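Let's walk through a structure together, starting with its cysteines and moving on to a sheet, a helix residue and some enclosed space.

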Amino acid sequence: MISLLRSSPPLTLRQTGPAAVHLVSTAAGPLGGDDLALDLRVTAGTTLEVGSVASTLVLPGRGESSMLVTAVVEEGATLRFTPEPTVLAAGCSHRMAVRLVLAPGARVLWREEIVFGRYGERPGRCRTRFDATVGGRPLLRQEFTVGEEAVDCSPAVFGDAACVGTTLITGPEAPAEALVADGVAVLPLAGPGILVSALAADAVELRARLRWGESAVLDDACGSEGW
């Protein structure tokens, strides 16, 4: 049961199930100059699913826009965070940051997907930062930038890909070694987690590759537990 739900445009929260919430864009954005934040807390022993009804289109405007998501997941709680992709429109300048605070024994599936511009256009600029801790210890520190041509086109970074995505999974036992397939890698972390990373030519292919990686972890480890 969700005990507290509060929001305001352009990010509006709608409860869509006993333990499910969807983000609804009730105004255009993020626009340049917007400073948005989403705070989540999943109390001990409970479950929360967060999605969105559509992709998020980041638009240019006056200055840089930002989006900060902070999530606290207490002991024995489960959070599934799977919004639709973020699309970086040409000319935008955006910062995305996630601060994920997990108690020991917390279970999380956190998926992020970024599309490099609308059809036929170059992406705007976006800098992303992901920080996750478990019991106060670092689990994942990751940062990358989209929209710098020398970096975007490098075969060592994005190459000819038009989308990038990651899924962080905590809870199931990590594979003994990395799993690698076409455009996707499943990497065990030093702490209690697994990171699935993928590149693709379009959003459909990206989602398929991320789900392949997620299934490689979850089907054997905890598919019967209702992820």
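## Cysteines without partners

The sulfur of C126 lies 6.9 Å from the closest cysteine sulfur, that of C92, which is too far for a bond. This is a predicted model, in which local features need pLDDT of at least 70 and side-chain atom pairs count only at pLDDT 80 or more, while totals for chains, interfaces and linings use all residues. Residues are numbered from 1 along each chain as its sequence is written, and side-chain values use heavy atoms, with hydrogens and water left out.

For C163, the closest cysteine sulfur belongs to C126, at 13 Å, again too far for a bond. Searching the whole structure gives zero disulfides (a disulfide being a pair of cysteine sulfur atoms within 2.5 Å). The table sets these two cysteines side by side; buried means under 20% relative accessible area, exposed over 50%, and partly exposed in between, with a 1.4 Å probe and protein chains only.

| Cysteine | Closest cysteine sulfur | Relative accessible area |
|---|---|---|
| C126 | C92, 6.9 Å | 0%, buried |
| C163 | C126, 13 Å | 1%, buried |

## The five-stranded sheet

Helices (H or I, at least four residues) and strands (E, at least two) are DSSP runs, numbered from the N terminus. Two strands pair if DSSP finds at least two bridges between them. With that in hand, we find an open sheet of five strands in the order β3-β6-β9-β11-β12, with mixed pairing. Its edge strands, β3 (35-42) and β12 (137-146), each pair on one side only.

Inside this order, β9 (residues 93-102) runs parallel to β11 (residues 125-134), and the two pair over 10 bridges. Across from R95 stands R127 of β11.

## A buried glutamate

Helix α2 (residues 203-221) contains E214. Is E214 buried or exposed? Its relative accessibility is 5%, so E214 counts as buried. Beyond neighbours within four places in sequence, E214 is in contact (heavy atoms within 4.5 Å) with L109, R111, T167, I169 and V196.

## Enclosed space

A cavity here is a set of points on a 1 Å grid over the protein atoms alone where a 1.4 Å probe fits but cannot get out; lining residues have an atom within 4 Å of a point. The structure holds two cavities of 30 Å³ or more. The largest has a volume of about 90 Å³, where volume is the space filled by probe spheres set on the points, joined across faces, edges and corners. Among the residues lining the largest cavity are E112, T128, Q142 and V164. Elements giving two or more residues to this lining are β10 (107-115), β11, β12 and β13 (163-170).

Terms used
On a 1 Å grid over the protein atoms alone, a cavity is a set of points where a 1.4 Å probe fits but cannot get out, and a pocket is an open set with protein on both sides within 12 Å along at least five of seven lines; lining residues have an atom within 4 Å of a point.
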